[in-house]
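Biologist: Could you take me through the second largest pocket in close detail? I'd like to hear what lines that pocket, and then what goes on around the helices that help to form the lining.

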Amino acid sequence: MVKERARILVVGGGYVGMYTALRLQRKLKRELGRGEAEITVVTPDPYMTYQPFLPEAAAGAISPRHVVVPLRRVLDRCRIVIGEATAVDHARRTATVTTLATDEEGGTGQQLAYDHLVLAPGSVSRTLPVPGLAEYAIGFKTVEEAIGLRNHVLEQMDIASSTRDPALRDAALTFVFVGGGYAGVEALGELEDMARYATRYYHNLRPEDMKWVLVEASHRILPEVGEEMGRYTVTELRRRNIDVRLETRLESCADRVAVLSDGSRFPTRTVVWTAGVKPHPVLAATDLPRDERGRLRCTPELAVEGTTHAWAAGDAAAVPDVTAREEGKECAPNAQHALRQARTLGDNIVHSLRGEPLETYSHAYAGSVASLGLHKGVAHVYGRKLKGYPAWFMHRTYHLSRVPTFNRKARVAAEWALAGLFKREIVSLGSLEHPRAEFELAAGGKPSPNPPHNPKGSS
């Protein structure tokens, strides 16, 4: 039994936030029923996105609905608040939260009191002051961005197929991806595969008409799978006529022209930015200790250093890697650690409430897998290196086993099975992003050339 009534606030509904809350509601089932504990989850979205499936969602291999997990269904014993935590005063045990109703009410946010705090807001795209980036580029961290990118690529193929202007056609068929990590390489591989397949339905487009460019500032791509597999990936991409530029940076993409640090210029209507992430801005609005990279300093038990009743894990936390041989090494900010840290974090909060000893988070890195398109992939797992179909199959098998809930597992497996029997879908639903445009026109209005900003697109 817990020693006293506990109000637990979880900031973030991603990997760490959802799995921590799920662990807590299982471990504290009796306490929640008796009103001795309360779990509140503050998240900007009512769902958790399984990000490793975003590339396949962008390629049309998985329905967007099956890439996300509804939090209200999974966390049925928790209170879900759709909003953003904008500040945390841990000394007073309060968090300032803005919700969807805050603007309508004309307020500045509500104060949520708590006894235990779990900070797991994740990360945001790390951008640079590149001219034209904010106006023309698109990221690849959310399901909305993934589906928007799919619609955009197919729309560019439609433009290229219907225009007689060679310059417009060339720009429409040039796709520039910036960042050689998981997100950039997998998104590029899947979308190039999809676009190559789609050309068979265009009478005047061929795969060789398209230009795909991968820009990476360092000397290698996919460092997680090792140097050898990284070199293989470069070779495989170039074999598919993808232009891989290593030790190169994007200098500008203003006026729809991508200018690279090596002097190359690519007129393009598509720039995808996947060049890293940074800690969520809310961490800077707390009174908790952070490291030089802006992450919360944590102990091996996942408690925030120098505080009580504050916990963190995932992208927002600098967690010591107790399995590493080198002193001072920290756990990599990836899903493999986040899922396991969430379980330990949930258990340790329960231990703390019951006055029991805390557990130390310990997990030796198992390796990495990456998809490069249909039936293509690379893997480096437990020292074994795989490539091609075996690596792709391992990628799908591993992530199918990790996607939350049996419901999602069954739906994704069914979609993959059906995809083996039927042809790919190559339909663009770009109008979803501005669903009122046609009605506005029919009602006598003029659709705005610049629709109101909505970071969630059609949602």
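Modeller: Sure. In this predicted model, the second largest pocket holds about 550 Å³ of space. There are 22 residues lining that pocket, and the closest to its centre are Glu415, Leu418, Ala419, Gly420 and Phe422. As for the elements, those that give two or more residues to the lining are helix H9 (182–198), helix H12 (389–402) and helix H13 (406–419). H13 has the largest share, with five residues. Sort the lining by class and you get eleven nonpolar residues, seven charged and four polar.

Now follow H9 away from the pocket lining. H9 also packs with helix H7 (residues 143–162): the two axes are 11 Å apart, at an angle of about 35°, and the crossing is right-handed. On the H7 side, the contact is made by Leu149, Arg150, Val153, Leu154 and Met157, while H9 brings in Leu191, Met194, Ala195 and Ala198. That contact comes out as eight nonpolar residues and one charged, with no polar ones.

One other thing, if you like aromatics: the model has eight aromatic pairs. Take phenylalanine 175 and tryptophan 212: their ring centres are 4.3 Å apart and their planes sit at 25°, so this pair counts as stacked. The pair ties together distant parts of the chain, with phenylalanine 175 in strand S11 (residues 174–178) and tryptophan 212 in strand S12 (residues 211–215), 37 residues apart.

Definitions and conventions
Residues are numbered from 1 along each chain as its sequence is written. This is a predicted model: local features need pLDDT of at least 70, side-chain atom pairs count only at pLDDT 80 or more; totals for chains, interfaces and linings use all residues. Side-chain values use heavy atoms; hydrogens and water are left out. On a 1 Å grid over the protein atoms alone, a cavity is a set of points where a 1.4 Å probe fits but cannot get out, and a pocket is an open set with protein on both sides within 12 Å along at least five of seven lines; lining residues have an atom within 4 Å of a point. Grid points are joined across faces, edges and corners, and a volume is the space filled by probe spheres set on the points. Helices (H or I, at least four residues) and strands (E, at least two) are DSSP runs, numbered from the N terminus. Ala, Val, Leu, Ile, Met, Phe, Trp, Tyr, Cys and Pro count as nonpolar, Asp, Glu, Lys and Arg as charged, and the others, Gly among them, as polar. Axes are lines fitted to C-alpha atoms, for helices over the stretch in contact, and angles run from 0 to 180 degrees between N-to-C directions. A crossing is left-handed if the near helix is turned anticlockwise from the far one by less than a right angle, and right-handed if clockwise. Contact means heavy atoms within 4.5 Å. Rings of Phe, Tyr and Trp (its six-membered ring) pair if their centres lie within 6.5 Å; planes under 30 degrees apart count as stacked, over 60 as edge-to-face and the rest as tilted.
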